[in-house]
Amino acid sequence: MTDYEAATAFLGEWGSFQQQVFFLLCLSTVPNGFTGLSIVFLADTPPHWCVVPAHVNLTAAWRNNSIPLEEDNHSGALLPSKCHRYKLVDIQSFSERGLLPGVDVNLSNVPKEGCLDGWEYDRSVYISTIVSEWDLVCDDRWKNPLTSSLFFFGVLTGSFISGQLSDRYGRKIVLFVTMAVQTVSTFIQVFSPSWPVFCAVFFVVGVGQISNYVAAFVLGTEILGPRVRIVYSTAGVSLFFGMGYMLLPLFAFFIRDWRMLLLGLTLPGFLYAPLWWYVPESPRWLLSQGRVAEAEAIVRNAAKRNKIEPPQVIFSPLQKELQSDRKKTHNICDLLRSRNIRWISITLWLVWNILTIAYFALSLNTANLYGNAYFNCFLSALVEMPAYTLSWLMFRWCSRRLTLFSTLFMGGLFLLLIQLIPANLISLAITLEMMGKFAVTTAFAIVYAYTAELYPTVLRNTAVGACSMASRIGSIIAPYFIYLRSYSISLPYILMGSLTVLSGLLSLLLPESYGMPLPDTITHMQPFPGCCRKTPYTLTQTTDEEKVAERKSPAVL
């Protein structure tokens, strides 16, 4: 055990206090599930075609044939063009002369023009999306993936600032401030008058969305005991995130207008304000800041909730003196300062980055799969639930490094196999994609908990935030992996599968943390292979008295 875990062992692991913290923090992640992937329905592109103004004098035959047929890149079928129409001046002339399309006039010789009068959209699935409202199609279709990328750029920014703010000002205050930012920004987004305004506010939503998730994740990891911590960090927050994700297609199915859908997704966020009085600050963080009295007050309140009599002295004077030594302010630069932590950080950043590309590309691709978009999204969310459960089972009994490697490798393999499936076996291809999503989701849940175990208390929130920040490069470009479908359906799967297999091989370089307590300082971290090895502090821990004596000895001074 670490000093903190030994001092608080009298609380037990699953009393009323721990149960309250566990479920309230898990509950706080539900809005992240439907907010983070709401763009699947907000920015879906309905079938569309060029407007032929009603005032143009055309016969029924020419009006019905005013849109040219083009071969679909995916199915090979002839479909009405989405971005062109026959030149109105010419077909109006043919109509006035009584000529018939395809009989008197060879349509392949008729000049074409763009959709100069706008587009008409199929309203059978959506009343409106941001695509149909602001015409993000044809020459402006690049704005669609950019919308998602700007959200993830906000997530990147939030990952960068929230970790450092949380390590400096506390987990609790950052959690609730960023929850408020996410909720209020989403509400403002409902009234967006234009696409640039929508994107600007969506950026702020991304900042709040990842910030409160990381803060809740680290707060629970530091408060809960070792066994409950594993459940919380793998299955707990992930299952509640998955529940939010599953609610998204249900909301979207019943609310087909994008503004009303956003409003419906916003309202639950206002219900979280009372949690401020029930979620405590992390005693570990308070100790690392030298605020021992506040940490003791929280632990004594926890003992009261659990109906346990606390000892008269919870943190010994020697522990307090050691914790005051840890009060030194740390920042993101410390993740690269020494050779050991530098290589751990770089490897994790690469793994997180590639994993995020696969996860979000597969999640955002549900609207493009064959069949009902709502069912496909629900199915994509549903496969995450057993994935999170499996992540807990594997994390509970298996090596962290081998668990992460196996899930990444299998996920990449499933994605690579999709290109080998014949075009007529659509169900098999979707099954393989969902199996890939299952494996990638399992790996995502594992890497969060694994990262939190590798880094010390003084840097944990900054480190998880930095990994999340590095991974957002992947989430920013993930929409463009889907965009590659317009050139080749197989290309996104080949790229995602190859990169995911590569990240699995990279994960084998990470140190093992299975069976190790959470490190409190940088010197407690496990060594990266090839770096100068040290004796694990779990086996030969220097006593508190020896540490203080060493620090006060003339030789050290």
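**Exercise 1. The buried side of helix α17**

Which residues of helix α17 (residues 373–382) are buried? Work this out on the predicted model, and then describe how the buried residues are arranged around the helix and what they pack against.

*Solution.* The buried residues of α17 are A373, Y374, N376, C377, S380 and A381. As a next step, consider their directions from the helix axis: they span an arc of only 165°, which means that they lie on the same side of α17. The general background is that an α-helix has 3.6 residues a turn, so residues three or four places apart point the same way. Finally, list the partners: the buried residues of α17 pack against α4 (39–42), α11 (226–254), α16 (339–364), α18 (384–397) and α20 (426–454).

N376 serves as a closer example within helix α17. Its relative accessible area is 4%, and because the cut-off for buried is under 20%, N376 is assigned to the buried class. When residues up to four places away in sequence are left out, N376 touches T366, L369, Y370, G371 and M434.

**Exercise 2. The rings around Y374**

Find the aromatic partners of Y374 among F41 and Y126, classify each pair by its geometry, and state where in the chain the partners sit.

*Solution.* The structure holds 27 aromatic pairs. One of them is formed by F41 and Y374, whose centres are 5.2 Å apart and whose planes make an angle of 10°, a stacked arrangement. This pair links distant parts of the chain, since F41 belongs to helix α4 and Y374 to helix α17, with their positions 333 residues apart in sequence. Both F41 and Y374 are buried.

For the second partner, the ring centres of Y126 and Y374 are 6.2 Å apart and the planes stand at 50°, so this pair is tilted. It too links distant parts of the chain: Y126 is in the loop between β6 (119–121) and α7 (130–134), Y374 is in helix α17, and the two are 248 residues apart. To complete the step, compare accessibility with the cut-off: Y126, at a relative accessible area of 5%, is buried, and Y374, at 6%, also counts as buried.

Elsewhere, ring pairs join W134, F151, F152, F198, F202, W258, W352, Y359, F360 and F444 into a cluster.

**Exercise 3. A nonpolar patch on the surface**

Identify the residues that make the nonpolar surface patch of about 940 Å², and determine which element gives the most to it.

*Solution.* The patch is made by F160, I161, L165, Y169, I173, V177, W276, W277 and Y278. The elements that contribute two or more residues are α8 (143–169) and α9 (171–189). Of the elements, α8 gives the most, with four residues. Y169 is placed in helix α8, and its relative accessible area of 52% makes it exposed, because the cut-off for that class is over 50%.

**Exercise 4. Two positive phi angles**

Compare C138 and K307, both of which have a positive phi, and decide for each whether it is buried or exposed.

*Solution.* Most residues other than glycine have a negative phi. C138 has a phi near 55°, a positive value in a residue other than glycine, and it sits in the loop between α7 and α8. With a relative accessible area of 12%, C138 is buried. K307 has a phi near 60°, again positive in a residue other than glycine, and it is found in the loop between α14 (292–305) and α15 (317–325). At 78% relative accessibility, K307 counts as exposed.

**Exercise 5. A216 and the protein as a whole**

Describe the surroundings of A216, and then set them beside the totals for the protein.

*Solution.* A216 lies in helix α10 (residues 195–223), where its relative accessible area of 0% makes it buried. Leaving out residues up to four places away in sequence, A216 touches L25, S28, L175 and Y232. The C-alpha atoms of A216 and V174 are 9.2 Å apart in space, while the residues are 42 apart in sequence.

Turning to the totals, the protein has 23 helices and six strands, and 56% of its 557 residues count as buried. Among contacts between residues at least 6 apart in sequence, 80% join residues at least 24 apart. The protein exposes about 23400 Å², of which carbon and sulfur atoms supply 65%.

Notes
Residues are numbered from 1 along each chain as its sequence is written. This is a predicted model: local features need pLDDT of at least 70, side-chain atom pairs count only at pLDDT 80 or more; totals for chains, interfaces and linings use all residues. Side-chain values use heavy atoms; hydrogens and water are left out. Patches are made of residues with over 30% relative accessible area and no salt bridge: like charges are joined within 9 Å, nonpolar side chains (Val, Leu, Ile, Met, Phe, Trp, Tyr) within 5 Å. Accessible areas come from the Shrake-Rupley method with a 1.4 Å probe; for residues, only the protein chains shown count as cover. A salt bridge is a side-chain nitrogen of Lys or Arg within 4 Å of a carboxyl oxygen of Asp or Glu. Buried means under 20% relative accessible area, exposed over 50%, partly exposed in between (1.4 Å probe, protein chains only). The arc is that of the directions from the helix axis to the C-beta atoms. Contact means heavy atoms within 4.5 Å. Rings of Phe, Tyr and Trp (its six-membered ring) pair if their centres lie within 6.5 Å; planes under 30 degrees apart count as stacked, over 60 as edge-to-face and the rest as tilted.
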